[in-house]
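Reader: Please take a close look at one residue of this model, and then set that residue against the rest of the chain. State the cut-off behind each term when you first use it.

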Amino acid sequence: MQNSDGVWEIVERKRAAFFELSDRIWDIPETNYLEYQSAEEHARLLESEGFRVERGIADLPTAVMGEAGEGGPIIAILGEFDALPGLSQQAGIAEERPLVDGGNGHGCGHNMLGAGSMLAAAAVKDFLAENGLKGRVRYYGCPAEEGGSSKGFMVRAGIFDDVDIAISWHPAAFAGVNNPISLACNEINFHFSGRASHASATPHLGRSALDAVELMNVGVNYMREHMPSTARIHYAITDAGGAAPNVVQARATVRYLIRARTLPELLSLVARVKKVAEGAALMTETTVRSEIISGDANLVGNTPLEECMFSHLQRLGPPVFDDADRETARKFQETFNAEDIAASYGRFALKPKKDQPLCEEIFPLSAGDGTLVGSTDVGTVSWVVPTVQMRGATYAIGTPGHSWQLVAQGKLPVAHKGTEHAAKVMASTAADLIRNPELIKAAKADHQARLEGTPFINPIPDDVAPPLPEKAHA
Ligand SMILES: [Zn+2]
(Lines give C-alpha, C1' and ligand atoms only; values in the text may rest on other atoms or scores of the structure.)
Protein backbone atom coordinates (compact mmCIF):
# COMPACT_ATOMS: atom_id res chain seq x y z
CA MET A 1 0.00 0.00 0.00
CA GLN A 2 1.65 3.25 -1.11
CA ASN A 3 -0.47 5.62 0.96
CA SER A 4 -3.34 5.24 3.34
CA ASP A 5 -5.86 4.78 0.50
CA GLY A 6 -8.16 7.30 2.08
CA VAL A 7 -8.20 5.76 5.58
CA TRP A 8 -6.58 8.80 7.20
CA GLU A 9 -9.12 11.08 5.55
CA ILE A 10 -11.90 8.93 7.02
CA VAL A 11 -10.30 9.34 10.45
CA GLU A 12 -10.28 13.12 10.00
CA ARG A 13 -13.90 13.12 8.88
CA LYS A 14 -15.03 11.13 11.91
CA ARG A 15 -12.72 12.42 14.65
CA ALA A 16 -14.99 15.03 16.30
CA ALA A 17 -17.39 12.48 17.84
CA PHE A 18 -14.45 10.51 19.21
CA PHE A 19 -12.75 13.52 20.77
CA GLU A 20 -16.09 14.15 22.48
CA LEU A 21 -16.21 10.54 23.65
CA SER A 22 -12.69 10.83 25.07
CA ASP A 23 -13.63 14.02 26.94
CA ARG A 24 -16.89 12.53 28.26
CA ILE A 25 -15.05 9.47 29.59
CA TRP A 26 -12.54 11.83 31.21
CA ASP A 27 -15.50 13.56 32.91
CA ILE A 28 -16.82 10.32 34.44
CA PRO A 29 -13.72 8.52 35.71
CA GLU A 30 -14.69 5.01 36.79
CA THR A 31 -12.35 2.34 38.16
CA ASN A 32 -11.88 -1.45 37.82
CA TYR A 33 -15.11 -3.18 36.72
CA LEU A 34 -17.26 -0.23 37.82
CA GLU A 35 -17.07 1.46 34.40
CA TYR A 36 -20.84 1.21 33.79
CA GLN A 37 -21.33 4.68 32.31
CA SER A 38 -18.08 4.56 30.35
CA ALA A 39 -18.92 1.16 28.84
CA GLU A 40 -22.41 2.40 27.97
CA GLU A 41 -20.98 5.52 26.28
CA HIS A 42 -18.74 3.25 24.21
CA ALA A 43 -21.60 0.90 23.33
CA ARG A 44 -23.82 3.80 22.23
CA LEU A 45 -21.24 5.35 19.95
CA LEU A 46 -20.56 1.92 18.44
CA GLU A 47 -24.29 1.52 17.79
CA SER A 48 -24.64 4.95 16.25
CA GLU A 49 -21.68 4.12 14.00
CA GLY A 50 -23.54 1.00 12.83
CA PHE A 51 -21.46 -1.67 14.57
CA ARG A 52 -23.13 -4.91 15.72
CA VAL A 53 -22.75 -4.44 19.47
CA GLU A 54 -22.55 -6.96 22.31
CA ARG A 55 -22.56 -5.78 25.91
CA GLY A 56 -21.27 -7.70 28.94
CA ILE A 57 -19.07 -10.04 26.91
CA ALA A 58 -17.08 -12.76 28.74
CA ASP A 59 -19.47 -12.33 31.70
CA LEU A 60 -17.85 -8.99 32.48
CA PRO A 61 -20.66 -6.44 32.93
CA THR A 62 -18.54 -3.54 31.64
CA ALA A 63 -16.90 -5.25 28.65
CA VAL A 64 -18.29 -4.33 25.24
CA MET A 65 -17.62 -5.37 21.65
CA GLY A 66 -18.68 -3.96 18.29
CA GLU A 67 -18.19 -5.72 14.96
CA ALA A 68 -18.57 -4.51 11.38
CA GLY A 69 -17.98 -5.99 7.95
CA GLU A 70 -18.50 -9.47 6.52
CA GLY A 71 -16.25 -12.47 5.88
CA GLY A 72 -12.53 -12.13 5.39
CA PRO A 73 -9.95 -11.74 8.13
CA ILE A 74 -10.90 -10.46 11.59
CA ILE A 75 -8.90 -7.54 12.93
CA ALA A 76 -9.44 -6.62 16.58
CA ILE A 77 -8.66 -3.15 17.85
CA LEU A 78 -8.41 -3.07 21.64
CA GLY A 79 -9.51 -0.14 23.78
CA GLU A 80 -9.77 0.64 27.48
CA PHE A 81 -11.64 3.19 29.58
CA ASP A 82 -10.90 2.60 33.27
CA ALA A 83 -9.57 5.34 35.55
CA LEU A 84 -7.46 5.32 38.73
CA PRO A 85 -8.53 6.07 42.29
CA GLY A 86 -7.35 9.18 44.13
CA LEU A 87 -6.27 11.12 41.05
CA SER A 88 -9.10 13.60 40.63
CA GLN A 89 -7.73 16.75 39.00
CA GLN A 90 -8.99 19.76 37.09
CA ALA A 91 -8.38 19.72 33.37
CA GLY A 92 -5.90 21.94 31.59
CA ILE A 93 -4.09 23.55 34.53
CA ALA A 94 -0.49 22.89 35.49
CA GLU A 95 -1.28 22.99 39.18
CA GLU A 96 -2.42 20.21 41.47
CA ARG A 97 -6.09 20.92 42.15
CA PRO A 98 -8.53 18.03 42.62
CA LEU A 99 -12.02 18.31 41.13
CA VAL A 100 -13.41 16.00 43.81
CA ASP A 101 -11.41 15.32 46.98
CA GLY A 102 -10.33 11.68 46.89
CA GLY A 103 -12.07 11.19 43.54
CA ASN A 104 -10.95 9.15 40.55
CA GLY A 105 -9.01 10.47 37.59
CA HIS A 106 -7.80 9.31 34.19
CA GLY A 107 -4.16 9.04 35.23
CA CYS A 108 -3.22 6.55 32.53
CA GLY A 109 -5.01 8.24 29.62
CA HIS A 110 -7.46 5.39 29.05
CA ASN A 111 -10.14 7.93 28.06
CA MET A 112 -7.99 8.55 24.97
CA LEU A 113 -7.04 4.90 24.59
CA GLY A 114 -10.65 3.77 24.15
CA ALA A 115 -11.74 6.66 21.97
CA GLY A 116 -8.66 6.43 19.71
CA SER A 117 -9.02 2.68 19.21
CA MET A 118 -12.71 3.01 18.42
CA LEU A 119 -11.98 5.85 16.00
CA ALA A 120 -9.54 3.55 14.20
CA ALA A 121 -12.10 0.73 14.11
CA ALA A 122 -14.82 3.07 12.79
CA ALA A 123 -12.50 4.31 10.04
CA VAL A 124 -11.67 0.71 9.03
CA LYS A 125 -15.41 -0.08 8.98
CA ASP A 126 -16.07 2.78 6.53
CA PHE A 127 -12.99 1.85 4.51
CA LEU A 128 -14.28 -1.73 4.09
CA ALA A 129 -17.73 -0.52 3.08
CA GLU A 130 -16.49 2.17 0.67
CA ASN A 131 -14.15 -0.27 -1.07
CA GLY A 132 -16.48 -3.28 -1.00
CA LEU A 133 -13.81 -5.34 0.76
CA LYS A 134 -14.30 -8.58 2.64
CA GLY A 135 -13.10 -8.39 6.21
CA ARG A 136 -14.30 -7.72 9.71
CA VAL A 137 -13.13 -5.16 12.19
CA ARG A 138 -13.95 -5.41 15.86
CA TYR A 139 -13.58 -2.88 18.62
CA TYR A 140 -13.12 -4.46 22.04
CA GLY A 141 -13.87 -2.14 24.95
CA CYS A 142 -11.89 -3.84 27.70
CA PRO A 143 -12.53 -2.77 31.31
CA ALA A 144 -10.29 -2.93 34.37
CA GLU A 145 -6.82 -2.83 32.86
CA GLU A 146 -5.51 -1.33 36.10
CA GLY A 147 -5.30 -4.47 38.20
CA GLY A 148 -8.41 -6.26 36.89
CA SER A 149 -6.77 -8.22 34.04
CA SER A 150 -10.03 -8.19 32.09
CA LYS A 151 -8.33 -9.22 28.85
CA GLY A 152 -7.03 -12.35 30.60
CA PHE A 153 -10.60 -13.28 31.53
CA MET A 154 -11.69 -12.44 27.97
CA VAL A 155 -8.98 -14.72 26.57
CA ARG A 156 -10.10 -17.47 28.95
CA ALA A 157 -13.68 -17.07 27.72
CA GLY A 158 -12.51 -17.61 24.13
CA ILE A 159 -13.43 -14.09 23.03
CA PHE A 160 -10.37 -13.78 20.77
CA ASP A 161 -10.38 -17.35 19.38
CA ASP A 162 -11.45 -16.35 15.85
CA VAL A 163 -9.44 -13.11 15.72
CA ASP A 164 -6.56 -13.01 13.21
CA ILE A 165 -4.66 -9.94 14.40
CA ALA A 166 -5.00 -7.62 17.43
CA ILE A 167 -3.95 -3.96 17.33
CA SER A 168 -3.73 -1.48 20.17
CA TRP A 169 -1.97 1.64 21.39
CA HIS A 170 -1.25 3.47 24.60
CA PRO A 171 -1.06 7.23 25.28
CA ALA A 172 2.52 8.24 26.02
CA ALA A 173 4.97 11.12 25.83
CA PHE A 174 6.46 9.71 22.63
CA ALA A 175 5.20 8.39 19.32
CA GLY A 176 6.57 5.05 18.24
CA VAL A 177 5.77 1.44 17.68
CA ASN A 178 5.64 -0.07 21.11
CA ASN A 179 8.54 -2.22 22.04
CA PRO A 180 6.90 -5.35 23.33
CA ILE A 181 8.34 -5.47 26.79
CA SER A 182 6.06 -6.00 29.73
CA LEU A 183 6.27 -8.38 32.63
CA ALA A 184 4.08 -11.38 33.24
CA CYS A 185 2.44 -11.03 36.64
CA ASN A 186 0.17 -12.64 39.18
CA GLU A 187 -1.59 -10.99 42.07
CA ILE A 188 -2.22 -13.49 44.86
CA ASN A 189 -3.73 -13.24 48.33
CA PHE A 190 -2.22 -15.47 50.99
CA HIS A 191 -4.76 -15.99 53.77
CA PHE A 192 -3.28 -17.37 56.98
CA SER A 193 -5.45 -18.87 59.74
CA GLY A 194 -4.28 -19.55 63.29
CA ARG A 195 -5.87 -19.65 66.73
CA ALA A 196 -6.86 -16.63 68.82
CA SER A 197 -5.83 -16.48 72.45
CA HIS A 198 -5.16 -14.04 75.30
CA ALA A 199 -1.74 -12.73 74.34
CA SER A 200 -0.56 -12.51 77.94
CA ALA A 201 -2.53 -15.07 79.98
CA THR A 202 -2.43 -17.95 77.48
CA PRO A 203 0.01 -17.03 74.69
CA HIS A 204 1.13 -20.66 74.38
CA LEU A 205 -2.37 -21.60 73.24
CA GLY A 206 -2.42 -19.04 70.42
CA ARG A 207 -1.09 -19.53 66.90
CA SER A 208 -0.46 -16.21 65.19
CA ALA A 209 -1.46 -15.71 61.58
CA LEU A 210 0.26 -12.33 61.67
CA ASP A 211 3.55 -14.05 62.65
CA ALA A 212 3.08 -16.28 59.61
CA VAL A 213 2.64 -13.24 57.34
CA GLU A 214 5.78 -11.64 58.75
CA LEU A 215 7.79 -14.83 58.37
CA MET A 216 6.54 -15.28 54.83
CA ASN A 217 7.70 -11.75 53.99
CA VAL A 218 11.11 -12.45 55.56
CA GLY A 219 11.36 -15.68 53.59
CA VAL A 220 10.52 -13.99 50.30
CA ASN A 221 12.97 -11.19 51.04
CA TYR A 222 15.72 -13.82 51.38
CA MET A 223 14.54 -15.42 48.15
CA ARG A 224 15.13 -12.20 46.20
CA GLU A 225 18.87 -12.86 45.98
CA HIS A 226 18.17 -16.11 44.21
CA MET A 227 15.66 -15.13 41.60
CA PRO A 228 16.13 -13.65 38.11
CA SER A 229 17.25 -10.01 38.43
CA THR A 230 14.49 -8.95 36.03
CA ALA A 231 11.76 -10.38 38.30
CA ARG A 232 9.87 -8.21 40.77
CA ILE A 233 8.00 -9.14 43.95
CA HIS A 234 5.90 -6.59 45.83
CA TYR A 235 3.58 -7.10 48.78
CA ALA A 236 1.01 -5.34 50.92
CA ILE A 237 -0.47 -6.58 54.20
CA THR A 238 -4.16 -6.18 53.56
CA ASP A 239 -5.35 -7.74 56.84
CA ALA A 240 -3.05 -7.63 59.85
CA GLY A 241 -5.57 -9.53 61.96
CA GLY A 242 -7.01 -6.65 63.92
CA ALA A 243 -5.85 -3.72 66.01
CA ALA A 244 -5.61 -5.45 69.42
CA PRO A 245 -2.07 -6.45 70.44
CA ASN A 246 -3.44 -8.40 73.40
CA VAL A 247 -5.17 -10.89 71.12
CA VAL A 248 -3.14 -13.45 69.21
CA GLN A 249 -4.14 -12.76 65.59
CA ALA A 250 -6.15 -15.69 64.31
CA ARG A 251 -6.22 -14.49 60.71
CA ALA A 252 -4.07 -12.32 58.49
CA THR A 253 -3.73 -11.74 54.77
CA VAL A 254 -0.83 -10.57 52.66
CA ARG A 255 -1.25 -9.74 48.98
CA TYR A 256 1.64 -10.48 46.66
CA LEU A 257 2.27 -9.08 43.19
CA ILE A 258 4.83 -11.27 41.47
CA ARG A 259 6.31 -10.24 38.10
CA ALA A 260 8.70 -11.98 35.74
CA ARG A 261 10.03 -11.52 32.24
CA THR A 262 8.21 -14.52 30.76
CA LEU A 263 5.19 -16.62 31.56
CA PRO A 264 7.17 -19.82 32.34
CA GLU A 265 9.50 -17.80 34.60
CA LEU A 266 6.47 -16.32 36.37
CA LEU A 267 4.86 -19.69 36.97
CA SER A 268 8.04 -21.11 38.54
CA LEU A 269 8.44 -18.02 40.72
CA VAL A 270 4.82 -18.25 41.89
CA ALA A 271 5.42 -21.89 42.86
CA ARG A 272 8.44 -20.83 44.94
CA VAL A 273 6.55 -18.05 46.72
CA LYS A 274 3.82 -20.56 47.54
CA LYS A 275 6.44 -22.83 49.12
CA VAL A 276 7.64 -19.93 51.28
CA ALA A 277 4.03 -19.36 52.38
CA GLU A 278 3.68 -23.03 53.27
CA GLY A 279 6.96 -22.86 55.18
CA ALA A 280 5.70 -19.89 57.18
CA ALA A 281 2.52 -21.80 57.98
CA LEU A 282 4.55 -24.82 59.08
CA MET A 283 6.73 -22.68 61.35
CA THR A 284 3.77 -21.06 63.05
CA GLU A 285 1.35 -24.03 63.08
CA THR A 286 -1.11 -22.02 61.06
CA THR A 287 -2.70 -22.88 57.73
CA VAL A 288 -2.48 -20.93 54.51
CA ARG A 289 -4.77 -20.66 51.50
CA SER A 290 -3.67 -18.88 48.34
CA GLU A 291 -6.15 -17.04 46.15
CA ILE A 292 -5.22 -15.74 42.70
CA ILE A 293 -6.79 -12.33 42.07
CA SER A 294 -5.53 -11.54 38.60
CA GLY A 295 -2.68 -12.20 36.22
CA ASP A 296 -1.19 -11.08 32.93
CA ALA A 297 1.15 -12.82 30.54
CA ASN A 298 4.15 -10.92 29.17
CA LEU A 299 3.82 -9.28 25.77
CA VAL A 300 4.87 -11.36 22.81
CA GLY A 301 6.29 -9.25 20.00
CA ASN A 302 5.67 -9.76 16.32
CA THR A 303 8.28 -8.58 13.83
CA PRO A 304 6.15 -8.50 10.63
CA LEU A 305 3.39 -6.59 12.44
CA GLU A 306 5.78 -4.15 14.10
CA GLU A 307 7.52 -3.44 10.79
CA CYS A 308 4.18 -2.98 9.07
CA MET A 309 2.85 -0.60 11.72
CA PHE A 310 6.13 1.30 11.83
CA SER A 311 6.05 1.81 8.05
CA HIS A 312 2.59 3.36 8.40
CA LEU A 313 3.85 5.60 11.19
CA GLN A 314 6.78 6.71 9.02
CA ARG A 315 4.49 7.42 6.09
CA LEU A 316 2.18 9.47 8.27
CA GLY A 317 5.07 11.30 9.92
CA PRO A 318 5.40 12.56 13.48
CA PRO A 319 2.50 14.15 15.36
CA VAL A 320 2.06 17.84 14.55
CA PHE A 321 1.71 20.34 17.41
CA ASP A 322 1.66 24.14 17.44
CA ASP A 323 3.19 26.90 19.58
CA ALA A 324 0.23 26.97 21.98
CA ASP A 325 0.59 23.20 22.55
CA ARG A 326 4.32 23.59 23.23
CA GLU A 327 3.72 26.50 25.59
CA THR A 328 1.15 24.54 27.63
CA ALA A 329 3.41 21.49 27.73
CA ARG A 330 6.29 23.68 28.98
CA LYS A 331 4.10 24.83 31.89
CA PHE A 332 3.53 21.19 32.84
CA GLN A 333 7.25 20.48 32.50
CA GLU A 334 7.89 23.15 35.15
CA THR A 335 6.07 20.88 37.61
CA PHE A 336 8.39 17.92 36.84
CA ASN A 337 11.92 17.49 38.11
CA ALA A 338 14.90 16.67 35.91
CA GLU A 339 14.66 13.02 36.92
CA ASP A 340 11.05 12.77 35.69
CA ILE A 341 12.15 14.09 32.30
CA ALA A 342 15.25 11.88 32.16
CA ALA A 343 13.12 8.85 33.08
CA SER A 344 10.77 9.61 30.20
CA TYR A 345 13.68 9.33 27.74
CA GLY A 346 15.44 6.61 29.71
CA ARG A 347 12.61 4.16 29.20
CA PHE A 348 13.58 4.23 25.54
CA ALA A 349 17.33 4.30 26.15
CA LEU A 350 17.54 7.88 24.82
CA LYS A 351 19.41 10.88 26.19
CA PRO A 352 17.23 13.81 27.36
CA LYS A 353 17.02 16.72 24.93
CA LYS A 354 16.93 20.37 25.98
CA ASP A 355 13.71 22.30 25.53
CA GLN A 356 11.64 19.51 24.05
CA PRO A 357 8.21 19.89 25.61
CA LEU A 358 6.47 17.51 23.20
CA CYS A 359 7.46 14.62 20.99
CA GLU A 360 7.54 15.85 17.39
CA GLU A 361 9.54 12.98 15.99
CA ILE A 362 9.15 9.25 15.54
CA PHE A 363 10.95 6.84 17.76
CA PRO A 364 13.06 4.23 16.02
CA LEU A 365 11.57 0.77 16.02
CA SER A 366 14.33 -0.58 18.23
CA ALA A 367 14.15 2.14 20.89
CA GLY A 368 13.73 0.81 24.38
CA ASP A 369 15.33 -2.62 23.97
CA GLY A 370 16.05 -4.01 27.37
CA THR A 371 14.14 -1.56 29.52
CA LEU A 372 11.80 -3.03 32.07
CA VAL A 373 8.34 -1.69 32.58
CA GLY A 374 5.16 -2.79 34.30
CA SER A 375 2.61 -5.30 33.15
CA THR A 376 -0.42 -5.10 30.88
CA ASP A 377 -3.26 -7.48 30.17
CA VAL A 378 -2.64 -6.93 26.44
CA GLY A 379 0.19 -9.40 27.15
CA THR A 380 -2.26 -12.26 27.63
CA VAL A 381 -3.97 -11.46 24.31
CA SER A 382 -0.57 -11.46 22.58
CA TRP A 383 -0.08 -15.13 23.51
CA VAL A 384 -3.21 -16.22 21.64
CA VAL A 385 -3.35 -13.66 18.79
CA PRO A 386 -0.47 -11.94 16.95
CA THR A 387 -0.59 -8.46 18.50
CA VAL A 388 0.97 -5.09 17.74
CA GLN A 389 0.84 -1.80 19.64
CA MET A 390 2.00 1.75 19.24
CA ARG A 391 2.59 4.64 21.58
CA GLY A 392 0.87 7.88 20.76
CA ALA A 393 2.31 11.22 21.87
CA THR A 394 -0.49 12.74 23.93
CA TYR A 395 1.21 14.70 26.71
CA ALA A 396 4.33 16.61 27.78
CA ILE A 397 7.65 14.76 27.89
CA GLY A 398 8.44 13.88 31.50
CA THR A 399 4.83 13.47 32.64
CA PRO A 400 4.92 10.75 35.29
CA GLY A 401 2.56 7.82 34.75
CA HIS A 402 -0.48 7.74 37.03
CA SER A 403 -0.04 11.39 38.06
CA TRP A 404 -2.25 14.47 38.43
CA GLN A 405 -0.30 16.05 35.58
CA LEU A 406 -1.33 13.23 33.26
CA VAL A 407 -4.98 13.64 34.29
CA ALA A 408 -4.80 17.42 33.75
CA GLN A 409 -3.55 16.99 30.16
CA GLY A 410 -6.24 14.45 29.19
CA LYS A 411 -8.53 16.92 27.40
CA LEU A 412 -6.00 19.31 25.87
CA PRO A 413 -5.64 19.77 22.09
CA VAL A 414 -2.40 17.74 22.37
CA ALA A 415 -4.41 14.80 23.73
CA HIS A 416 -6.81 15.00 20.78
CA LYS A 417 -4.04 15.40 18.20
CA GLY A 418 -2.05 12.48 19.64
CA THR A 419 -5.18 10.32 19.75
CA GLU A 420 -5.97 11.08 16.11
CA HIS A 421 -2.37 10.40 15.12
CA ALA A 422 -2.45 6.96 16.76
CA ALA A 423 -5.89 6.19 15.30
CA LYS A 424 -4.59 6.90 11.79
CA VAL A 425 -1.62 4.56 12.20
CA MET A 426 -3.82 1.79 13.65
CA ALA A 427 -6.48 2.23 10.96
CA SER A 428 -4.13 2.14 7.98
CA THR A 429 -2.23 -0.80 9.50
CA ALA A 430 -5.54 -2.69 9.83
CA ALA A 431 -6.55 -1.77 6.26
CA ASP A 432 -3.17 -2.95 5.00
CA LEU A 433 -3.58 -6.30 6.78
CA ILE A 434 -7.07 -6.83 5.41
CA ARG A 435 -5.84 -6.28 1.86
CA ASN A 436 -2.70 -8.39 2.27
CA PRO A 437 -3.37 -11.95 3.44
CA GLU A 438 0.36 -12.65 3.03
CA LEU A 439 1.08 -10.18 5.81
CA ILE A 440 -1.34 -11.94 8.14
CA LYS A 441 0.25 -15.26 7.22
CA ALA A 442 3.72 -13.89 8.02
CA ALA A 443 2.49 -12.50 11.36
CA LYS A 444 1.00 -15.87 12.28
CA ALA A 445 4.19 -17.70 11.33
CA ASP A 446 6.25 -15.32 13.48
CA HIS A 447 3.83 -15.81 16.38
CA GLN A 448 4.03 -19.57 16.09
CA ALA A 449 7.82 -19.57 15.86
CA ARG A 450 8.18 -17.39 18.96
CA LEU A 451 5.94 -19.63 21.07
CA GLU A 452 7.18 -22.96 19.70
CA GLY A 453 7.53 -25.37 22.60
CA THR A 454 6.04 -22.96 25.15
CA PRO A 455 2.45 -23.91 25.82
CA PHE A 456 0.18 -21.04 26.81
CA ILE A 457 -0.95 -21.29 30.40
CA ASN A 458 -3.31 -18.47 31.29
CA PRO A 459 -2.00 -16.88 34.52
CA ILE A 460 -5.67 -16.75 35.51
CA PRO A 461 -6.65 -20.36 36.25
CA ASP A 462 -10.12 -21.62 35.29
CA ASP A 463 -11.51 -21.52 38.84
CA VAL A 464 -10.70 -17.84 39.44
CA ALA A 465 -13.66 -15.47 39.15
CA PRO A 466 -13.10 -11.90 37.91
CA PRO A 467 -12.51 -9.58 40.89
CA LEU A 468 -15.79 -7.73 40.38
CA PRO A 469 -16.43 -5.27 43.20
CA GLU A 470 -19.56 -5.61 45.33
CA LYS A 471 -21.36 -2.88 43.44
CA ALA A 472 -20.82 -4.73 40.20
CA HIS A 473 -23.37 -7.28 41.35
CA ALA A 474 -25.96 -4.67 42.26
ZN1 LIG B 1 -2.64 2.31 30.95
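Author: Asp355 counts as exposed, with 7 C-beta neighbours inside 10 Å. The cut-offs are these: a residue is buried if 20 or more other C-beta atoms lie within 10 Å of its own, exposed if 12 or fewer, and partly exposed in between, with C-beta atoms placed from the backbone. The model is predicted, and local features are reported at pLDDT of at least 70, side-chain atom pairs at pLDDT 80 or more, while totals for chains, interfaces and linings use all residues. Residue numbers start from 1 along each chain as its sequence is written.

Asp355 sits in the loop between helix 9 (338-346) and helix 10 (378-384). Helices (H or I, at least four residues) and strands (E, at least two) are DSSP runs, numbered from the N terminus. The phi of Asp355 is positive, about 40°, although the residue is not a glycine.

Ala144 can be set beside it. Ala144 is also not a glycine, and its phi is positive, near 45°. Its place is the loop between strand 4 and helix 4 (150-156). Ala144 has 29 other C-beta atoms within 10 Å, so it is buried. A glycine with positive phi, near 90°, is Gly50, which follows helix 2.

Helix 2 (residues 36-48) has 13 residues, which at 1.5 Å a residue should span 18 Å, and its end C-alpha atoms are indeed 18 Å apart. The expected span is 1.5 Å times one less than the number of residues. In helix 2 the buried residues are Ser38, Ala39, Glu41, His42, Ala43, Leu45 and Leu46. Among the elements covering them are helix 1 (7-27), strand 1 (52-55), strand 2 (64-70), helix 3 (110-131) and strand 4 (135-142).

Helix 12 (residues 413-435) gives a second check on length: its 23 residues should span 33 Å, and the end C-alpha atoms are 33 Å apart, which agrees. Of these 23 residues 20 are buried, so helix 12 is largely enclosed by the rest of the structure.

Two further residues fill in the range of burial. Thr328, in helix 8 (residues 323-333), is buried, with 22 other C-beta atoms within 10 Å. Its C-alpha atom is separated by 8.6 Å from that of Ala396, which is 68 residues apart from it along the chain. Ala250 lies in the loop between strand 8 (232-239) and strand 9 (251-260), and with 19 C-beta neighbours inside 10 Å it counts as partly exposed. The C-alpha atoms of Ala250 and Arg207 are 6.9 Å from each other, with their positions 43 residues apart along the chain. Residues up to four places away in sequence aside, Ala250 touches Ser193, Gly194, Arg195, Ala196, Ala209 and Gly241. A contact here means that two C-beta atoms, placed from the backbone, lie within 7 Å.

Next, the core. The largest nonpolar core has 137 residues, of which Ile75, Ile77, Ala123, Val124, Met426 and Ala430 touch the most other members. Helix 3 contributes the most to this core, 12 residues. Domain 1 (7-181 + 299-451) and domain 2 (184-296) both give residues to the core, so it lies between them. Such a core is a set of buried Ala, Val, Leu, Ile, Met, Phe, Trp, Tyr and Cys residues joined through C-beta atoms within 7 Å. Leaving aside neighbours within four places in sequence, Ile77 contacts Ser117, Ala120, Ala121, Val137, Tyr139, Ile167, Ser168, Met426 and Ala430.

The domain bounds come from an automatic or database domain assignment. The centres of the two domains, taken over C-alpha atoms, are 36 Å apart. Across the boundary, 10 residues of domain 1 are in contact with 7 residues of domain 2. The side of domain 1 that touches domain 2 has 1 nonpolar, 8 polar and 1 charged residues. In this count Ala, Val, Leu, Ile, Met, Phe, Trp, Tyr, Cys and Pro are nonpolar, Asp, Glu, Lys and Arg are charged, and the others, Gly among them, are polar.

Last, the whole chain. Buried residues make up 54% of its 474 residues, whereas Asp355 is exposed. Of the contacts with a separation of 6 or more, 81% join residues 24 or more positions apart. Along its principal axes the C-alpha trace spans about 80 × 50 × 45 Å.
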